[in-house]
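Student: Please take a close look at a single part of this structure, the metal site, and then relate it to the charged pairs found elsewhere.

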Amino acid sequence: MLIRNCSQSRSILASLDNGTEIIGQITDLAKDMGIKAAFISAIGALSQADLGYYDQATRKYLVSPVDEPVELAACSGNISLLEGRPFVHAHAVLADGKGRTWGGHLVRGTVFAAELYLQELSGLPLKRVPDSITGLNLWGKE
Ligand code: ZN
């Protein structure tokens, strides 16, 4: 188990732009503001999205498109560094007009409207490094 002490730094609220790709927009925000570690939470609506499921046997993401307007009922994740650049890792629950839901790793999504809460964390950096056991880029010990 890797445990890191951190403390809260800046808190940011942002209204994301219609028509933009959500992970890219959060990544750009982190780059522009020099954010290297953060907790993120967002709600709103997406006009379409791709959700991922990490197949532990094949060590590959299976990606499922959600090709309809959906509520971004919940989205949480974090920002850390991958190869020196901010990397957004987010999971989401999406809901249609009948309350049916999809959930998973948020690969990408087109913003209809979304409100982001970002809590910057200091006392790190938190760097992702390749993990031979899982095949994922996980937080490393350095
Ligand atoms: Zn994930």
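Tutor: In this predicted model, His91 has a relative accessible area of 40%, which means that His91 is partly exposed. The NE2 atom of His91 is one of the donors to the zinc ion, together with His89 (NE2) and His105 (ND1), at 2.1 Å. Along the sequence, these donor residues follow the spacing H-x1-H-x13-H. His89 is likewise a partly exposed residue, because its relative accessibility is 22%, and the limit for buried is under 20%.

The charged pairs can now be considered. Side chains of opposite charge can pair when their charged atoms come close. The structure contains four salt bridges, among them the one between Arg108 and Asp50, with an N to O distance of 2.5 Å. Arg108 belongs to strand E6 (residues 101-122) and Asp50 to strand E2 (residues 38-55), so this pair ties together parts lying 58 residues apart in sequence. Asp50 counts as buried because its relative accessibility is 12%, whereas Arg108, at 38%, counts as partly exposed.

Another of the salt bridges joins Asp96 to Arg100, with 2.7 Å between the closest N and O atoms. Asp96 has a relative accessibility of 9% and therefore counts as buried. In the salt bridge of Glu83 with Arg85, the closest N and O atoms are 3.8 Å apart. Here Glu83 is exposed, at 65% relative accessibility, while Arg85 is partly exposed, with a relative accessible area of 46%.

Definitions and conventions: Residues are numbered from 1 along each chain as its sequence is written. This is a predicted model: local features need pLDDT of at least 70, side-chain atom pairs count only at pLDDT 80 or more; totals for chains, interfaces and linings use all residues. Side-chain values use heavy atoms; hydrogens and water are left out. Donors are N, O and S atoms within 2.8 Å of the metal (3.2 Å for Na, K and Ca); water is not among the atoms, so sites may look incomplete. Buried means under 20% relative accessible area, exposed over 50%, partly exposed in between (1.4 Å probe, protein chains only). A salt bridge is a side-chain nitrogen of Lys or Arg within 4 Å of a carboxyl oxygen of Asp or Glu. Helices (H or I, at least four residues) and strands (E, at least two) are DSSP runs, numbered from the N terminus.
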